[in-house]
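Here's a walk through one protein model, strand by strand and then ligand by ligand. Keep the viewer open and follow along.

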Amino acid sequence: MKILVTGGLGFIGTNFIRFWRKKYPQSTIINLDKITYAANPENLNDFSQGSKYQFIKEDIVNPDFTNRLPSLIDLIVHFAAESHVDRSINDPSLFVKTNVLGTYNLLNFAKNNGNIRFHHISTDEVFGSLPLNSSNQFSESTPYDPSSPYSASKAASDHLVRSFGKTFGLPTTITNCSNNYGPYQHPEKFIPRLITNLLENQKIPVYGQGLNFRDWLYVDDHCSAISAVINRGKIGDTYCIGGLYQSTKNIDLVKKIINLMGKDMSQIEYVADRPAHDNYSVDWSKIKNDLGWQPQETLDTGLKKTIEWYQTHQKWWQDSKKEAEKFYKNLAKQSKI
Ligand code: NAD
Ligand code: TDX
């Protein structure tokens with residue numbers, strides 16, 4: 001099998017390629033990535049270019065990106081995206097380009113090259129927000145109601161994927177998953193930002209009062225869910241994916257990480273809230289009942305592994321952390337203007 005993975009030098013893409021290689025060593029993996037600030041070109045340095053792995057540096061927004069792709073691809077797994085909500089608030093244009101136009105270009109490629117099986121990675125953020133203190137959850141039938149330019153661009157990409165299925169018969173599936181965490185996540189995101197700030201004895205910024213909640217999914221559990229949908233999912237269907245720890249308030253997560261790292265609660269700093277800050281929790285009973293998937297990792301074991309990874313990979317995150325903190329500083333300055 002020849003599989004094209006987009007965004008394979010980002011967080012989830014890197015973990016997925018590692019997962020897929022282990023599970024299907026005979027498979028050929030083509031990793032296409034633009035190498036934006038969010039990628040780390042060293043992530044897959046132990047994968048040598050050859051008949052079983054090929055890296056192609058390309059931008060999916062440029063329709064000519066397909067010229068360098070090999071023929072006879074069996075499956076596309078589409079991760080490539082601008083993925084950070086705060087950056088989409090700061091400058092939405094790149095989100096529209098990459099997430100909407102880029103997905104459209106990739107769909108066109110799949111349609112024009114023998115209707116390649118297309119699996120699209122999306123997010124629970126397309127469903128909008130649950131009320132604070134609510135015990136409701138998003139499911140496959142929840143109407144779309146995105147809050148940020150990021151989630152709006154992902155919602156648009158989901159609609160395009162479905163339309164190519166319905167109109168052109170492209171064999172598509174979509175997964176809408178909750179917040180991932182684990183190794184290789186950029187330190188701009190909440191959990192790695194917390195861990196790396198604590199490792200550097202910095203304060204940890206909590207937006208608002210820390211009462212917003214998320215559903216946390218260890219990245220390997222996400223990879224096994226994607227694999228289940230690729231292998232056994234119904235063409236044209238959507239599957240919601242979530243973790244074992246649902247409706248976790250940010251402040252409770254912060255306290256857990258502080259305790260696991262033996263640090264002090266005085267390192268918490270409440271800062272200005274994110275505009276349109278929303279709350280998510282995912283009902284993953286469909287994928288459990290239909291495909292037999294369920295998450296394995298508990299938040300404690302997943303966090304322990306993640307903390308250890310950041311402790312032992314300081315070189316990996318130090319430069320991107322500096323860049324991320326510069327971004328946050330500018331964002332804070334702008335919000336005061
Ligand atoms: P990431 O930001 O870590 O990685 C994105 C990757 O895409 C990077 O390697 C980047 O270089 C590449 N990329 C960006 N623009 C590109 C372009 N124009 N052409 C080619 N490559 C490009 O993101 P992630 O956290 O790994 O997320 C992967 C996917 O999963 C995204 O589609 C995201 O919306 C979705 N998702 C992520 C989460 C999460 O918690 N991280 C949750 C739900 C869904
Ligand atoms: O410094 C921070 N302080 C803070 O309180 C940061 C970076 C975040 N937060 C809060 C905001 C959110 O409630 O933590 C929560 C998580 O924030 P992010 O890591 O920015 O993730 P989120 O906005 O939930 O989006 C993530 O999950 C869904 C991914 O970045 C998306 O790509 C994915 O679709």
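Start in the middle of the sheet, where Ile-76 has Phe-118 in S5 as its bridge partner. Keep in mind that this is a predicted model. That pair belongs to the contact between strand S4, residues 75–78, and S5, which run parallel and are joined by four bridges.

**Strand S5 and its neighbours**

S5 covers residues 117–123, and seven of its seven residues are buried. In a regular strand, side chains alternate between the two faces of the sheet. For S5, both faces turn out to be covered: Arg-117, His-119, Ile-121 and Thr-123 are buried on one side, and Phe-118, His-120 and Ser-122 are buried on the other. So Phe-118, the partner of Ile-76, is itself one of the buried residues, given that buried means under 20% relative accessible area.

S5 also pairs with strand S6, residues 172–177; six bridges join the two, and they run parallel. If you want one spot to click on, try Ser-122, which stands opposite Asn-176 in S6. How does the chain get from S5 to S6, and through which helix? The chain crosses through helix H4, residues 149–168, and this β-α-β crossover is right-handed.

**Strand S1 and its neighbours**

Now move to strand S1, residues 2–6. Four of its five residues are buried, so S1 is largely enclosed by the rest of the structure. S1 pairs in the parallel sense with S4 over four bridges, and Thr-6 is the residue that stands opposite His-78 in S4.

Thr-6 has a partner in S2 as well, namely Leu-32. S1 and strand S2, residues 28–33, pair in the parallel sense over five bridges. The chain crosses from S1 to S2 through helix H1, residues 11–23, and this β-α-β crossover is right-handed.

Here are the four strand pairings side by side:

| Strand pair | Sense | Bridges |
|---|---|---|
| S1 and S2 | parallel | five |
| S1 and S4 | parallel | four |
| S4 and S5 | parallel | four |
| S5 and S6 | parallel | six |

**A buried loop residue**

Past S2, look for Asn-43, which is found in the loop between S2 and strand S3 (53–57). Is Asn-43 buried or exposed? Asn-43 is buried, with a relative accessible area of 3%. Its C-alpha atom is separated by 9.0 Å from that of Gly-8, and the two residues are 35 residues apart along the chain.

**Ligand 1**

On to the ligands. Ligand 1 is surrounded by 29 residues, and the closest are Ile-12, Asp-33, Ser-83, Tyr-150 and Lys-154. That shell divides into 14 nonpolar, ten polar and five charged residues. Where does the shell come from? H1, S5, H4 and strand S7 (179–181) each supply at least two residues, and S5 provides the largest share, with three. So the strand that has seven of seven residues buried also helps line this ligand, because S5 is the source of that largest share.

Three polar contacts are worth a look. An oxygen atom of ligand 1 is 2.6 Å from an N or O atom in the side chain of Lys-154, and Lys-154 is also among the closest residues. An oxygen atom of the ligand is 3.0 Å from a polar backbone atom of Thr-36. A nitrogen atom of the ligand lies 3.1 Å from a backbone N or O atom of Lys-34. On its own, ligand 1 has 840 Å² of accessible area, and the protein covers 97% of that.

**Ligand 2**

Which residues come closest to ligand 2? They are Tyr-150, Arg-193, Arg-214, Arg-274 and His-277, out of 20 residues that surround this ligand. Tyr-150 is listed among the closest residues of ligand 1 too. The shell around ligand 2 divides into eight nonpolar, six polar and six charged residues.

Oxygen atoms of ligand 2 make these contacts: one is 2.8 Å from an N or O atom in the side chain of Asn-179, one lies 2.8 Å from a backbone N or O atom of Phe-190, and one lies 2.8 Å from a backbone N or O atom of Tyr-207. The protein covers 94% of the 660 Å² of accessible area that ligand 2 has on its own. Helix H5 (190–199) and strand S8 (204–207) are the elements that give two or more residues to this shell, and S8 gives the most, with three.

How values were computed
Residues numbered from 1 in each chain as written. Chains lettered and ligands numbered in written order. Predicted model: local features only at pLDDT ≥ 70, side-chain atom pairs only at ≥ 80, totals over all residues. Heavy atoms only, no water. Near = heavy atom within 4 Å. Polar contact = N/O pair within 3.5 Å; in protein donor to acceptor, adjacent residues only side chain to side chain. Areas by Shrake-Rupley, 256 points an atom, 1.4 Å probe, with all protein chains shown as cover. Nonpolar A, V, L, I, M, F, W, Y, C, P; charged D, E, K, R; others polar. Buried < 20%, exposed > 50% of the residue type's maximum accessible area, 1.4 Å probe, protein only. Pairing = 2+ DSSP bridges. Right-handed = clockwise from strand over helix to strand, strands pointing away.
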